[in-house]
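Happy to talk through the labels in this one with you. Have a look first, and then we can ask what stands behind each of them.

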Amino acid sequence: MGLGGCIVLIAVGAILTFATDWHMEGVNLDLVGVILMIAGLIGTTTFSSIYRRRRVVVPPTTPVVDDDPHRHHHHRGGYSDGYGV
């Protein structure tokens, strides 16, 4: 069950507990709503802790330093060729 399913469980449980006034024989809908909300909360915390462990942290790239003394960089100032290169 994903995060969306857990949120749906919490919402349905809250609706059953706080927003309905139904009475079914042999079933306490308030208790069912509380159980659904608790299951949704447990699922949300479990999902977030698993997601936090699976997250891959990419190390920052190290800058490449060109130490080749034979390579010369000639810089021409301005736009001498008309294309800015």
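Q: This is a predicted model. What makes the link between the side chain of Thr20 and the backbone oxygen of Leu16 a polar contact?
A: A polar atom of the Thr20 side chain lies 2.8 Å from the backbone oxygen of Leu16. The cut-off for such a pair is 3.5 Å, so 2.8 Å falls within it and the pair counts as a polar contact.

Q: Where does Thr20 lie?
A: You will find Thr20 in the loop between α1 and α2 (29-54).

Q: Why is Thr20 called buried?
A: Its relative accessibility is 18%. Buried means under 20%, so Thr20 gets that label.

Q: How do you know that Thr17 is buried?
A: Thr17, which sits in helix α1, has a relative accessible area of 15%. Because the limit for buried is under 20%, Thr17 qualifies.

Q: Which backbone oxygen does the side chain of Thr17 reach?
A: That of Gly13, at 2.8 Å. This is within 3.5 Å, so it is a polar contact.

Q: Which residues is Thr17 in contact with, leaving aside its neighbours within four places in sequence?
A: They are Asp30, Gly33, Val34 and Met37.

Q: Why is Gly4 called partly exposed?
A: Gly4 belongs to helix α1 (residues 3-19) and has 46% relative accessibility. Buried would need under 20% and exposed over 50%, so 46% puts Gly4 in between.

Q: How many residues apart in sequence are Gly4 and Thr44?
A: They are 40 residues apart in sequence, with 8.9 Å from C-alpha to C-alpha.

Conventions
Residues are numbered from 1 along each chain as its sequence is written. This is a predicted model: local features need pLDDT of at least 70, side-chain atom pairs count only at pLDDT 80 or more; totals for chains, interfaces and linings use all residues. Side-chain values use heavy atoms; hydrogens and water are left out. Helices (H or I, at least four residues) and strands (E, at least two) are DSSP runs, numbered from the N terminus. Buried means under 20% relative accessible area, exposed over 50%, partly exposed in between (1.4 Å probe, protein chains only). A polar contact is a pair of N or O atoms within 3.5 Å; within protein, one must be able to donate a hydrogen and the other to accept it, and residues adjacent in sequence count only if both atoms are side-chain atoms. Contact means heavy atoms within 4.5 Å.
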